[in-house]
Amino acid sequence: MSHISLVNSSDISLEQVEDLAKLQSLSLSTEDLANTHQQFKLIASHANLVMAFALDETIEPAPEFRPW
Amino acid sequence: MVDETSHAIEIAAAIRTGSVSALEVTKQALARVNSLDQHYNSFTAVTADRALKEAAAIDALKQQGATLPPLAGVPYAVKNLFDVQDLITLAGSKINASNAPASNDAALVKAMQKSGAIMLGALNMDEYAYGFTTENHHYGATYNPHDVTRSAGGSSGGSAAAVAAGLVPLALGSDTNGSVRVPSSMCGLFGLKPTYGALNLDGMFPFVHSFDHAGLFARSSLDLALTFDLLQSTSSSCLGQMGDGVAGLRIARAGGYFEQCDAQAQSAVALVAEALQASSTIHLPEVARARSSAYVITASEGGNRHLQRLQSRAQDFDPLTRPRLAAGTLVPAAWYIQAQRFRAWFYQQVMQIFDHVDIIIAPATPCCAQKIGQETMTIQGVTMPVRPNMGMFTQPISFIGLPVVAVPIQKVGGMPIAVQIIAPPKREDLVLRVAAYLERSGVCTAPVVRN
């Protein structure tokens, strides 16, 4: 079973987002960095919900999903 | 008599019988776009020369006594992420404006042309389809024909506004997380998001590979059915089943998560449920988590798609889009993979529910169209941002690729809202059949509106 907890999304700092952006070679203005930080925290709050769900290990991802 | 209120099927029939020519219909439609679209800002390009040539070709076929194709002479337009030969495929962006014009039509544009439809132009959208409001920084907001101070919805807002205002009877759009169903709700239209993979996406600018669908807008369910039949790659027909009614169908409304909407949305669902005699309620499991998974996958795939552009031309993005895409590039692989695994789980769970019901009904949006520029809305006492949350009921459904028709409920003196009619994969015949029943019974209508 996978049942993973993340840090609280509100704890993600601006500096962490800036470091992640550098890893992607993104150069963001001060305003863009602040907005990106807000957006990343929102994604993280959704990710928290997803990661907290206990999925059986036999369930594989469906990146090339076709519903038939 | 053909006018701006005519449905596609009626226009094609009038041209077939010779009561009006394709050229007359096309000139009237172009004149309407020219004189009225200043109020709605739905078109970003008008292809008048192409339209007149295509119409002349239909009239020539008619004069030769040839059998006309099913949509002969019917004007339509497409969201500007579809390739249209000799037009730049903007996808709502400034960055794409420096690209070369498309050298060919998208597959669905080709299919529309083969069916005899007349291309009038390209329609406004949220930048790179990432939004639910069509408040485009580069090309302006699209205004809702029911109330021009309000959003037309998005991301296919131009498509919805053009059909609602009677500029065209049909428009093509795309739906990744709700971009056909949300603007259908905002503008009071019938909108079809078919099963994932049912329509060919070749020549459409992509957003999120896992969820991208093409879709249709119309003011009648029959127009949706005919057009879907013509665009899909199989030989099955939905149009022929449109008169079958709903007797024998097991229809239930979605409870729980889907009840977090305002009174108007609740009333719309209740009205549809009553008309369909749907007295039972089902609960899809873990819907909030499905929506969250869709959110994570969208952010990650969307961000990755635009990473190079974010690295080289960040300042040329719409300020509403830039931070969302930038944040998406930072999503850890573990979040993305878990969301895709959850998707497989959720699909299995919902398919088990379809062992017991044929149709699920749910609100399309938590409320009607909000004011352009409005940042927040309050639903059942909870204040939330407008832009990401207009799709809270559509995202969990496109997450697993189910076919949906959004059916409109009009409100006298007020804004419309839509209800989702949802079926198992590849059962567009069922959702269209139910939509046709609701239209025949007068519950759902989509009149031309120009307020």
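**Chain B: questions and answers**

Visitor: What covers the buried residues of α15(B)?
Guide: Here helices (H or I, at least four residues) and strands (E, at least two) are DSSP runs, numbered from the N terminus; contact means heavy atoms within 4.5 Å. The cover of the buried residues in α15(B) includes two helices of chain B, α7 (221–231) and α8, together with the strands β9 (190–193), β13 (359–363), β16 (404–409) and β17 (417–422).

Visitor: On what kind of model do these statements rest?
Guide: Residues are numbered from 1 along each chain as its sequence is written, while chains are lettered from A and ligands numbered from 1 in the order in which they are written. Side-chain values use heavy atoms, with hydrogens and water left out; local features need pLDDT of at least 70, side-chain atom pairs count only at pLDDT 80 or more, and totals for chains, interfaces and linings use all residues, for this is a predicted model.

Visitor: How many residues of α15(B) are buried?
Guide: A residue is buried under 20% relative accessible area, exposed over 50% and partly exposed in between (1.4 Å probe, protein chains only). Among the buried residues of α15(B) are the charged residues Glu428(B), Asp429(B) and Arg433(B), as well as Leu430(B), Val431(B) and Ala435(B). The helix is mostly covered, and the buried count is 10 of its 13 residues.

Visitor: What distance separates the end C-alpha atoms of helix α15 of chain B?
Guide: The expected span of a helix is 1.5 Å times one less than its number of residues. For the 13 residues of α15 (428–440) this gives 18 Å, and the model agrees, because the end C-alpha atoms are separated by 18 Å.

Visitor: Which residue just after α15(B) takes a positive phi?
Guide: The helix occupies residues 428–440 of chain B. Just after α15(B), a positive phi of about 85° belongs to Gly442(B).

Visitor: What is the radius of gyration of chain B?
Guide: Chain B contains 15 helices and 17 strands. The globule rule, 2.2 Å times the number of residues to the power 0.38, is compared with a radius taken over C-alpha atoms. For 451 residues the rule gives 22 Å, and chain B is as compact as a globular protein of that length, because its own radius of gyration is close to this, at 20 Å.

Visitor: What share of the residues of chain B count as buried?
Guide: The C-alpha trace spans about 60 × 55 × 40 Å along its principal axes. Among contacts with a separation of 6 or more, 76% join residues 24 or more positions apart. Of the 451 residues, the buried share is 65%.

Visitor: Is Gln277(B) buried or exposed?
Guide: Gln277(B) lies in the loop between α8 (263–275) and β12 (280–282) of chain B. Its phi is near 55°, a positive value in a residue other than glycine. With a relative accessible area of 73%, Gln277(B) is exposed.

Visitor: Is Asp59(B) buried or exposed?
Guide: Asp59(B) belongs to helix α3 (residues 48–63) of chain B. Leaving aside residues up to four places away in sequence, Asp59(B) touches Ser21(B), Ala22(B) and Leu23(B). Its relative accessibility is 17%, so Asp59(B) counts as buried.

Visitor: Which peptide bond is cis, with omega near 10°?
Guide: One of its two residues, Ser155(B), is in the loop between β7 (147–151) and α5 (157–164) of chain B. The cis bond runs from Gly154(B) to Ser155(B).
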